[in-house]
Amino acid sequence: MTIAPPDRVRLTDELAMSRILTGLWQVADMERDGTDLDPDKAADHLALYVESGFDTFDMADHYGSAEIIASRLLQRRPNALAFTKWCPPPGPMSPETVRAGVQERLDRLGVARIDLLQFHWWSFEHPAWLDALHELATLREEGLIREIGVTNFDAAHLHLALADGVPVRTNQVVCSLLDRRFTGPLAETCARHGVDLLAYGTVCGGFLSERWLGRPEPEDAPDWSKMKYRRFIEAAGGWKAYQAVLSAAAEVAVKHGVSVTNVATRWVLEQSHVAGVIIGVRPGERDHRADNAQLFGFSLDDEDRAVLARAFAGTESIPGDCGDEYRTPPFLTASGDLSHHLGTVPSAYDTDTMPGRPEMRRAMSGSKWETIAGYCRARRVGERILVSGTTATAGADRVVAQGDAAAQTTYVIDKIIGAVSALGGTVEDIVRTRIYLTDIADTEAVSAAHGRVFGALKPANTLVAVNDLAGDYLVEIEAEAIVSA
């Protein structure tokens, strides 16, 4: 079978990849009964993809035996590219912890250097994610990692990482005809910093295909992908709205003589800063090479985009920004509500009770100033939680994102939410914030960063400009919460 090779794109001068990445997440689904795939047989199947030009593979530490299968593939086809992810549980990220996580990826892949190491973090309330990224940058300098990527980062935290000097090259997020969040603030951040997007979920677990056209809504979902993307369909307006988008894609597909999945994927590929799309494979079962190759034999014209846009108008926007589906309601994941999982994330704060005053609790962040000046990050008295003026300080005294007030604001608000959470409150309990700026010209950028979190909650707020703040800080914020019953 002769298959036209896919287009390629350069992430860097040294790293060129297929614009169609072969995703191995379905390996985990195939192994759900506890039986691993035969790695050699699976690698033989993937070798056919390499021969056809689909030489770039995406996997993760938790995709079953995917990294082991990839190691066998690399033995056969050393020119293949293996992009993997490290998804550690939140907690302190010491250099030893990060190095061990990367070394495990190297060992499982059987390589001396990872082509693209993508980092995922569950809750930004724990600030150690930035420590981990800086340590990954150190390992990149040592040659253990070629490039660093992140997964499911929203625009604000991607910007924060870049403003703090982390050389992030890619961000992997959901992108589809139903989930168009990536065309908003995230696209603007990518344009500003030259970051590329790797898109997954482009066919919504197979729902964006002819198979479902005109079909009634299924009573259950047979696999993890369909469980997940059923939730996206519901969030986008339900089965009727989804069928309208599917019908529009089918109309465009007939015009070009391609499949509905081709149209859905092509639309994503043509969006700004999308370097490639990830299409899953079930090694040894299904071969999508011929269908995928059609993606580069046509392009969408203005008429096609208008047909799709009319269908989009009947859908609802997926709430939040990219990645929010893992961190805030509504949780659009296969297992649904992740609040129980997020509730197990350890706090970054040490807490104690005032001697002789059990109604008073304190949270400490470890900043050197808390010891010098004799104060705590936050104190709870009854139902009230008072949060001290908070700056973008990592660890004892490192200033985060020097020179970028918006990035500092994002980091500060995460710290404030973390302190409130440590004392039994939630972000919804925050009723007042006070913002101090050293430059009134930063008002709009800082306000936008504040509004990203508090736009719907709308606490009482004060913003003032001051002559100076101690240290290289552009913004300081204090807050108050009242814990609801």
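In this predicted model, eight strands close into a barrel in the order S3-S4-S5-S6-S7-S8-S9-S10, and their pairing is parallel. From one strand to the next, the twist averages 30 degrees. One of the pairings in the barrel is that of strand S9 (residues 196-200) with strand S10 (residues 274-280), which run parallel and are joined by three bridges. Within this part of the barrel, Leu198 stands opposite Gly276 in S10.

Helix H4 packs on this sheet, where it touches strand S5 (81-86), strand S6 (114-119) and strand S7 (145-151). The direction of H4 makes about 145 degrees with that of S5. Beyond S7 the chain enters a loop that leads to helix H6 (155-163), and Asn152 lies in this loop. The phi of Asn152 is near 55 degrees, a positive value in a residue other than glycine. Most residues other than glycine have a negative phi.

The packing of helices may be considered next. Two packed helices are described by the angle between their axes and the distance between the axes. For helix H2 (residues 39-51) and helix H3 (residues 66-76), the axes come within 8 Å and cross at roughly 55 degrees. An angle between 35 and 65 degrees falls outside the parallel and perpendicular ranges, and H2 and H3 are therefore oblique to each other. Their crossing is right-handed. On the side of H2, the residues in contact are Pro39, Asp40, Ala42, Ala43, Asp44, Leu46, Ala47 and Val50, and these meet Ile68, Ile69, Arg72, Leu73 and Arg76 in H3. By class, this contact of H2 with H3 has nine nonpolar and four charged residues, and no polar ones.

H3 also packs against helix H4 (residues 95-109), at an angle of about 50 degrees and with the axes 7 Å apart. That angle makes H3 oblique to H4. Here H3 contributes Glu67, Ile68, Ala70, Ser71 and Leu74, while H4 contributes Arg105, Arg108 and Leu109. The classes in the contact of H3 with H4 are four nonpolar, one polar and three charged residues. Ile68 of H3 takes part in the contact with H2 and in the contact with H4.

Another local feature is found in the loop between helix H12 (302-312) and helix H13 (339-342), where Pro330 is located. The peptide bond from Pro329 to Pro330 is cis, with omega near -5 degrees. Most peptide bonds are trans.

A second sheet is open, with seven strands in the order S11-S12-S13-S14-S19-S17-S18 and mixed pairing. Strand S11 (350-354) and strand S18 (460-465) stand at its edges, each with a single partner strand, so one side of each is left without a neighbour in the sheet. Neighbouring strands of this sheet are turned by 15 degrees against each other on average, direction ignored.

At the S11 edge, S11 and S12 pair in the antiparallel sense over five bridges, and Asp350 stands opposite Met364 in S12. These two strands form a hairpin with two residues between them, and Gly356 in the turn has a positive phi of about 75 degrees. Strand S12 (residues 357-364) is also joined to strand S13 (residues 378-381) by four bridges, and this pair runs antiparallel. In S13, Arg379 is the bridge partner of Arg362.

At the S18 edge, the pairing has the parallel sense, with six bridges between S17 and S18. Thr433 has Asn461 in S18 as its bridge partner. The chain crosses from S17 through H16 to S18, and this β-α-β crossover is right-handed.

Two helices lie across strands of the open sheet. Helix H15 (residues 405-422) lies across S11, S12, S13, strand S14 (384-390), strand S17 (430-437) and strand S19 (475-482), and runs at about 30 degrees to S19. Helix H16 (residues 443-454) lies across S17, S18 and S19, running at about 160 degrees to S17.

Terms used:
Residues are numbered from 1 along each chain as its sequence is written. This is a predicted model: local features need pLDDT of at least 70, side-chain atom pairs count only at pLDDT 80 or more; totals for chains, interfaces and linings use all residues. Side-chain values use heavy atoms; hydrogens and water are left out. Two strands pair if DSSP finds at least two bridges between them. Axes are lines fitted to C-alpha atoms, for helices over the stretch in contact, and angles run from 0 to 180 degrees between N-to-C directions. Contact means heavy atoms within 4.5 Å. Angles under 35 degrees count as roughly parallel, over 145 as roughly antiparallel, 65 to 115 as roughly perpendicular and the rest as oblique. A crossing is left-handed if the near helix is turned anticlockwise from the far one by less than a right angle, and right-handed if clockwise. Ala, Val, Leu, Ile, Met, Phe, Trp, Tyr, Cys and Pro count as nonpolar, Asp, Glu, Lys and Arg as charged, and the others, Gly among them, as polar. A crossover is right-handed if, with the strands pointing away from the viewer, the path from the first strand over the helix to the second runs clockwise.
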